[in-house]
Amino acid sequence: MSFGLKKAGFKLVQAYDAWDAAVETYRENVGHHVWRHDLNDIMGVGSMLAKLQPDMIAGGPPCQDYSLAGRQEEGENASLTKAFAMLVVIARPQWFLMENVEQVARSSAWAEAREILQRAGYGFTECKLDASYYGVAQARKRMFVIGRLGERDGFLTSSLIAARSDEQTTLRDLFGEECPPSIFLYPRFRRNKAVWLADEPAPTIIASSLKPIPDTHTVPEGTVVLTEGQVGQIQGFPADWKWHGQTKHDRMQMIANAVPPPLAQAIGRVILQRESGESIPAVQGNFTRWLMQRGQSNQVARNTKAQLQRARRLLGGRTFADVRLEVIALEEMVEFEELDRKVKSNMRVAVRLYAEFLDSSMQRVKAQKLDLAA
Ligand SMILES: C[S@@+](CC[C@H](N)C(=O)[O-])C[C@H]1O[C@@H](n2cnc3c(N)ncnc32)[C@H](O)[C@@H]1O
């Protein structure tokens with residue numbers, strides 16, 4: 001995830017993992033700012049982070065306790081999801097980014113972590129993304145939570161949708177002319193599909209993906225079993241990436257654990273564009289129809305929407321969980337101050353009406369958590 005964020009333009013200042021092999025791999029390929037440390041040490045890590053004052057904390061708390069391959073019971077690892085939330089609350093960065101398996105959305109660990117973060121003032125965009133629509137030759141679906149202080153939930157949804165490609169990235173897109181016609185990837189469950197064609201993305205890479213083809217399996221001629229490096233490429237890593245780890249299983253575990261760098265890069269870019277005010281959230285739902293149902297004419301409703309968008313541009317794309325703070329933020333802006341009195345009043349009304357619209361449709365918007373992996 002760090003590697004992808006770095007490519008998006010983030011400056012990395014500190015990284016942690018408790019596993020030597022992961023730390024070595026990070027140090028050699030990404031940078032020396034990595035520490036082997038147990039992230040359950042909330043006091044120790046928290047005080048380091050509080051001193052560093054990062055603008056963002058990103059993490060992928062271990063997922064075995066929720067993942068399909070795991071026991072589906074919440075155990076010790078799930079506590080790291082809460083540890084992540086607590087570290088964010090201690091350091092209080094503007095942004096956080098968390099990755100996990102889809103099942104985390106229904107876990108009690110995330111429910112608790114979510115509450116901790118919400119109470120600390122973070123707004124969320126919770127989304128399920130499919131890496132193959134973000135430049136990765138793998139149909140890997142994962143849950144991402146992007147939080148920013150003070151925002152309204154869903155604040156980044158429209159930008160994540162805009163960053164998604166229309167087509168999936170295929171194995172041929174990745175390997176080019178060298179791409180074998182078909183590859184064998186050992187399936188999670190025996191009866192699942194195991195042979196993948198060049199014109200499709202690979203399935204989710206797991207630690208056992210490289211187990212050899214069993215004798216009981218017949219595969220089309222020309223089907224190959226990939227190397228570790230090639231599986232790393234399917235996860236979006238460069239061909240010359242150095243994987244540390246004593247055993248093949250360790251290295252495969254590390255590859256399978258990773259957030260594909262191109263996906264992290266795409267999300268990182270969306271975050272930076274919003275941070276710099278280059279991207280403005282799209283107006284959600286059918287705001288104009290709602291205004292017309294409340295008695296505005298078509299023309300007035302369209303003007304109201306235009307004033308809202310103007311306010312959003314002035315605010316550099318920020319949304320506010322509390323509309324009173326949004327109006328205050330507008331009023332503090334010199335550009336706003338210089339506008340005609342009537343325009344200012346129309347903008348305030350537009351912002352308030354939109355907040356009312358969102359609140360009235362909040363249940364619907366909440367139910368519609370972004371699923372771009374469907
Ligand atoms: C799902 S992987 C995330 C991989 C990687 N951070 C990324 O962004 O691609 C979870 C990682 O958490 C690490 N981990 C597990 N328990 C930990 C702990 N108590 N403290 C720190 N890291 C831990 C594992 O070694 C593993 O590398």
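This is a short tour of a predicted model, with stops at its ligand and at one of its sheets.

**Stop 1: the ligand and its shell**

Start by selecting the ligand and showing the residues around it. You should find 14 of them, and the closest are Asp-17, Ala-18, Asp-38, Leu-39 and Val-259. Now colour that shell by residue class: 8 are nonpolar, 4 are polar and 2 are charged.

**Stop 2: polar atoms facing the ligand**

Next, show Asp-17 as sticks. One of the polar atoms in the Asp-17 side chain sits 2.6 Å from a ligand oxygen. Move along to Ala-18, and remember to display its backbone: a backbone N or O atom there is 3.2 Å from a nitrogen atom of the ligand. Then pick Asp-38, where an N or O atom of the side chain lies 2.8 Å from a ligand nitrogen. With those contacts on screen, switch on a surface. On its own the ligand has 590 Å² of accessible area, and the protein covers 79% of it.

**Stop 3: a sheet of 3 strands**

Leave the ligand and turn to the cartoon view. Select E8, E7 and E9, which form an open sheet in the order E8-E7-E9 with mixed pairing. Its edges are strand E8 (195-197) and strand E9 (223-225), each of which pairs on one side only. Look across the sheet and you can follow the twist, which averages 35° from one strand to the next.

**Stop 4: where E7 meets E9**

Finally, zoom in on strand E7, residues 182-184. E7 and E9 run parallel, joined by 3 bridges. To finish, label Phe-184 and look across to E9: the residue standing opposite is Val-225.

Terms used: Residues numbered from 1 in each chain as written. Predicted model: local features only at pLDDT ≥ 70, side-chain atom pairs only at ≥ 80, totals over all residues. Heavy atoms only, no water. Near = heavy atom within 4 Å. Polar contact = N/O pair within 3.5 Å; in protein donor to acceptor, adjacent residues only side chain to side chain. Areas by Shrake-Rupley, 256 points an atom, 1.4 Å probe, with all protein chains shown as cover. Nonpolar A, V, L, I, M, F, W, Y, C, P; charged D, E, K, R; others polar. Pairing = 2+ DSSP bridges. Helix = DSSP H or I, 4+ residues; strand = E, 2+ residues; numbered from the N terminus. Axes fitted to C-alpha atoms, helices over the stretch in contact; angles between N-to-C directions.
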